[in-house]
Amino acid sequence: MDQKTKKLQKLKQKQAKGKTLSKEERTEKKKLHADFKKKIETLNFGNLKPEEDYTDEEKQHVAALSSKLEQEYTQKKVTEEGHPNCPTGQAGKAMLTRMNESHGPLTQWGLSQLDFGRKDHVLDIGCGGGACLARLSKLVQSGTFVGIDYAKTSVEATKQFNQSLIEEGKLQVYEASVSEMPFDNETFDKIVTVESYYFWPDFESDMQEVFRVLKKGGHFLLIAEIYNQADLSNEVRENIQKYKMRNLNLDQFVEVFEQTGFSDIGLHVKPHQRWIAVEGVKA
Ligand SMILES: C[S@@+](CC[C@H](N)C(=O)[O-])C[C@H]1O[C@@H](n2cnc3c(N)ncnc32)[C@H](O)[C@@H]1O
């Protein structure tokens, strides 16, 4: 409900309790009521008559309509803030906390496909809530880590989640896009990305950027919960559309990895979960 409608209701409630409205309040109520009628009119509600003359059915209809509008507004805000493409605000923060949990098994399985060196310098692209970096720090005990994410909310969440790693000087986190990473050529031994490639703006050129910052002999691992295959459920397909996600099939993954210049391309799939981890080496 918007502020004006709230105020109007407040004044009406006051009257309903038998209290007298001041002259200013009466004028305000009249104006608010006129505004409310206009709002209904723009919603194409139909025949206009003073609200006082509404039948019970019409009153219920108006109440339902305004509650629906309010719900739609709230839902839109949650969807925008909690959009996995770029989490923002409170809803985004809550979603990152959920993803830290829900992506745990996928991340664990994906990372187990790669042989890490004891002292690897590892980059996580689209680090979200930061749980993958925490996992990496346990897998690569003498390693050093960098996380990037173009969403400020994700960068803050990752820093908060991994405060001790940052204090120990083992982790740096940057607000940056995969399309233009603030690193020299051949910086990292390993680069991973979990549930993020779906949203990269230009996959072919972003992969070139990944290739650029990877050391010779280094490995890139892309982990995703879904890939394009015949038996994806309608619900998953709807979400892919809703969030405008990239959804490659196995051949397309191999094609892009090859075009980028990767060799020893490995496709790991976990059939029942339909998870995928695609690995490439910079020879
Ligand atoms: C679905 S979340 C996954 C987060 C985390 N990797 C996980 O598995 O829980 C996708 C993340 O990728 C980030 N992202 C999307 N496009 C990006 C881009 N172009 N550059 C950097 N990060 C990006 C989003 O901001 C978001 O934090």
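**Exercise 1.** In this predicted model, find the sign of phi at glycine 18, just after H1.

*Solution.* Go to the end of helix H1. Step just past the helix to glycine 18. Read its phi: positive, about 85°.

**Exercise 2.** Test the length of helix H1, residues 3–16, against the expected span.

*Solution.* Count the residues: H1 has 14. The expected span is 1.5 Å times one less than that number. That gives 20 Å. Now take the end C-alpha atoms: they lie 20 Å apart, so expectation and model agree.

**Exercise 3.** Lay out the sheet and identify its edge strands.

*Solution.* Write down the order of the 7 strands: S3-S2-S1-S4-S5-S7-S6. The sheet is open, with mixed pairing. Look at the edges: S3 (171–175) and S6 (263–270) stand there. Each has a single partner strand, so one side of each lacks a neighbour in the sheet. From one strand to the next, the twist averages 15°.

**Exercise 4.** Describe how S2 joins S3, and place the helix that lies across them.

*Solution.* Start with S2, residues 144–149: 5 bridges link it to S3, and the two run parallel. Pick valine 146; its bridge partner in S3 is glutamine 172. Then add helix H7 (residues 152–161), which lies across S2 and S3. H7 runs at about 165° to S3.

**Exercise 5.** Characterise the shell around the ligand.

*Solution.* Take the 26 residues around the ligand. Pro84, Gly126, Gly128, Ala151 and Ser196 come nearest. Sort the shell by class: 15 nonpolar, 9 polar and 2 charged.

Note on methods: Residues are numbered from 1 along each chain as its sequence is written. This is a predicted model: local features need pLDDT of at least 70, side-chain atom pairs count only at pLDDT 80 or more; totals for chains, interfaces and linings use all residues. A residue is near a molecule or strand if its C-beta atom, placed from the backbone, lies within 6 Å of it. Ala, Val, Leu, Ile, Met, Phe, Trp, Tyr, Cys and Pro count as nonpolar, Asp, Glu, Lys and Arg as charged, and the others, Gly among them, as polar. Helices (H or I, at least four residues) and strands (E, at least two) are DSSP runs, numbered from the N terminus. Two strands pair if DSSP finds at least two bridges between them. Axes are lines fitted to C-alpha atoms, for helices over the stretch in contact, and angles run from 0 to 180 degrees between N-to-C directions. Two residues are in contact if their C-beta atoms, placed from the backbone, lie within 7 Å.
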